[in-house]
Amino acid sequence: MKNWGYTISKPRVIDLNANDREKSGALQAVEPYLRSCIGCGNCTATCTAGTITSFNIRKLQTLFRRGEFEGLRAEIDKCMLCGKCRMVCPRGINTRKMIVTIKRLLDQNPKNDRL
């Protein structure tokens, strides 16, 4: 058999049933307006921390909603809570409050966060 230099890649499918989404549900209960996020990226585009670090608020929110908490605490600590993201949100989502709530939820059971 000829080797054409191609290999079969590992599938990039996200198994949401394997993730623990209990904290994500708690976030949705406390901050129900997060459901209105359209993922426009304005928050990420104006983020001060994002210009000097690899912080991405949209990615943070997506990972938390999926129940993927690996390294999330270290990522969220990059946020400076300046509030620029909140000012540019077309849906009026209080992103600063979301960040603080996510921190609190991660601190409730830190052994599951594998930080």
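**Exercise 1. Determine how many cavities of 30 Å³ or more a search of the whole structure finds.**

Solution. The search of the whole structure yields two cavities of 30 Å³ or more. Here a cavity is a set of points on a 1 Å grid over the protein atoms alone where a 1.4 Å probe fits but cannot get out. Its volume is the space filled by probe spheres set on the points, with grid points joined across faces, edges and corners. The model is predicted: local features need pLDDT of at least 70 and side-chain atom pairs count only at pLDDT 80 or more, while totals for chains, interfaces and linings use all residues. Residues are numbered from 1 along each chain as its sequence is written, and side-chain values use heavy atoms, with hydrogens and water left out.

**Exercise 2. Describe the largest cavity and its lining.**

Solution. Step one is the volume: the largest cavity holds about 130 Å³ of space. Step two is the lining, whose residues have an atom within 4 Å of a point. The largest cavity is lined by 17 residues, and C37, C40, C43, C89 and I93 are the closest to its centre. Step three assigns elements: α2 (42-46), α4 (57-66) and α7 (95-108) give two or more residues to this lining. Helices are DSSP runs (H or I, at least four residues), numbered from the N terminus. With three residues, α4 gives the most. Step four sorts the lining by class: ten nonpolar, five polar and two charged residues. Ala, Val, Leu, Ile, Met, Phe, Trp, Tyr, Cys and Pro count as nonpolar, Asp, Glu, Lys and Arg as charged, and the others, Gly among them, as polar.

**Exercise 3. Repeat the description for the second largest cavity.**

Solution. This cavity contains about 80 Å³ of space. Of its 14 lining residues, C47, F55, C79, C82 and C85 lie closest to its centre. At least two lining residues come from each of α6 (84-88) and α7. By class, the lining has eleven nonpolar, one polar and two charged residues.

**Exercise 4. Characterise the packing of α4 against α7.**

Solution. First, the geometry: α4 and α7 pack at an angle of about 45°, and their axes are 12 Å apart. Axes are lines fitted to C-alpha atoms over the stretch in contact, and angles run from 0 to 180 degrees between N-to-C directions. The two helices α4 and α7 are therefore oblique to each other, since angles under 35 degrees count as roughly parallel, over 145 as roughly antiparallel, 65 to 115 as roughly perpendicular and the rest as oblique. Second, the contact (heavy atoms within 4.5 Å): I57, L60, Q61 and F64 of α4 meet T95, M98, I99, I102, L105 and L106 of α7. Third, the classes in this contact are eight nonpolar, two polar and no charged residues.

Terms used. 1 Å grid on protein atoms, 1.4 Å probe; cavity = no way out; pocket = protein on both sides within 12 Å on 5 of 7 lines; lining within 4 Å.
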